[in-house]
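Visitor: Could you take me through one small part of this protein up close? I'm in my first year, so keep it friendly and point things out as you go.

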Amino acid sequence: MVEPVDARCVECGATFPRSAALTGEEDRLSCPSCASSVIRGIPSQHTALVSRENTRCTDCGATFPHDEARTEVKGVLACPDCGSTSALEKIDPRDG
């Protein structure tokens, strides 16, 4: 089972599961990235530490995480499979 991202470091901005911040000392958390002890909880509506396939290319039918469609040109997204830049659509995660 994938752990939800439910903690954020105030110092460096890293997000991680709360269990990754446990130090073994009672009531003590530490950022796994920078070791800061200023950790805040994130409400449960945030997603888990997985990439979800939430984008579809209508040209080739490929589905992939939206982050994989980024290109070096600001504002231009491209299908990582076929390279199409005009046929991407968001997938509603409630569809299925």
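**A close look at Thr55**

Guide: Let's start with a pair of side chains: Thr55 and His66 make a polar contact through their side chains, at 3.5 Å. Keep in mind that this is a predicted model.

So where does Thr55 sit? You'll find Thr55 in strand E4, which covers residues 55-57. Is Thr55 buried or exposed? Thr55 has a relative accessibility of 2%, and the cut-off for buried is under 20%, so Thr55 counts as buried.

Now look at who surrounds Thr55. Leaving out residues up to four places away in sequence, Thr55 touches Ala62, Thr63, Phe64, Pro65 and His66, and also Leu88, Glu89, Lys90 and Ile91. Two of the strands here will help you place those names: strand E5 is 63-64, and strand E6 is 88-90. Directly opposite Thr55, in E5, stands Phe64.

Let's step back to the sheet. E5, E4 and E6 make up an open sheet of three strands, in the order E5-E4-E6, and the pairing is antiparallel. The edge strands are E5 and E6, each pairing on one side only. Between E4 and E5 there are two bridges, and these two strands run antiparallel.

Next door to Thr55 in the sequence is Arg56, and here's a nice detail. The side chains of Arg56 and Glu89 meet in a salt bridge, with 2.8 Å from N to O. Arg56 belongs to strand E4 and Glu89 to strand E6, so this pair ties together parts that are 33 residues apart in sequence. How many salt bridges does the protein have? The count comes to one. Compare the burial with that of Thr55: Arg56 is partly exposed, with a relative accessible area of 32%, and Glu89 also counts as partly exposed, at 32% relative accessibility.

Cys57 is in strand E4 too, as the strand runs over residues 55-57. To place Cys57, we need to visit the cores. The largest nonpolar core has eight residues: Ala7, Cys9, Ala14, Phe16, Ala21, Leu29, Cys31 and Ile39. Apart from that one lies another core, of six residues, and Cys57 is among them, along with Ala62, Ala69 and Cys79. You've met Ala62 already, as one of the residues that Thr55 touches.

While we're at the largest core, have a look at Cys9. Not counting residues up to four places away in sequence, Cys9 touches Ala14, Phe16, Cys31, Cys34, Ser36, Val38 and Ile39. One of those, Ser36, sits in the loop between strand E2 (15-16) and strand E3 (39-41). Ser36 counts as buried, at 10% relative accessibility. A polar atom of the Ser36 side chain lies 3.1 Å from the backbone nitrogen of Val38. With the same sequence neighbors left out, Ser36 touches Cys9, Glu11, Leu29, Ser30 and Cys31.

Finally, zoom all the way out. The protein has zero helices and six strands, so reading along the sequence you get β-β-β-β-β-β. Of its 96 residues, 26% count as buried, and Thr55, where we began, is one of the buried ones.

Conventions:
Residues numbered from 1 in each chain as written. Predicted model: local features only at pLDDT ≥ 70, side-chain atom pairs only at ≥ 80, totals over all residues. Heavy atoms only, no water. Pairing = 2+ DSSP bridges. Helix = DSSP H or I, 4+ residues; strand = E, 2+ residues; numbered from the N terminus. Core = buried A, V, L, I, M, F, W, Y, C linked by side-chain atoms within 4.5 Å. Buried < 20%, exposed > 50% of the residue type's maximum accessible area, 1.4 Å probe, protein only. Contact = heavy atoms within 4.5 Å. Polar contact = N/O pair within 3.5 Å; in protein donor to acceptor, adjacent residues only side chain to side chain. Salt bridge = Lys/Arg side-chain N within 4 Å of Asp/Glu carboxyl O.
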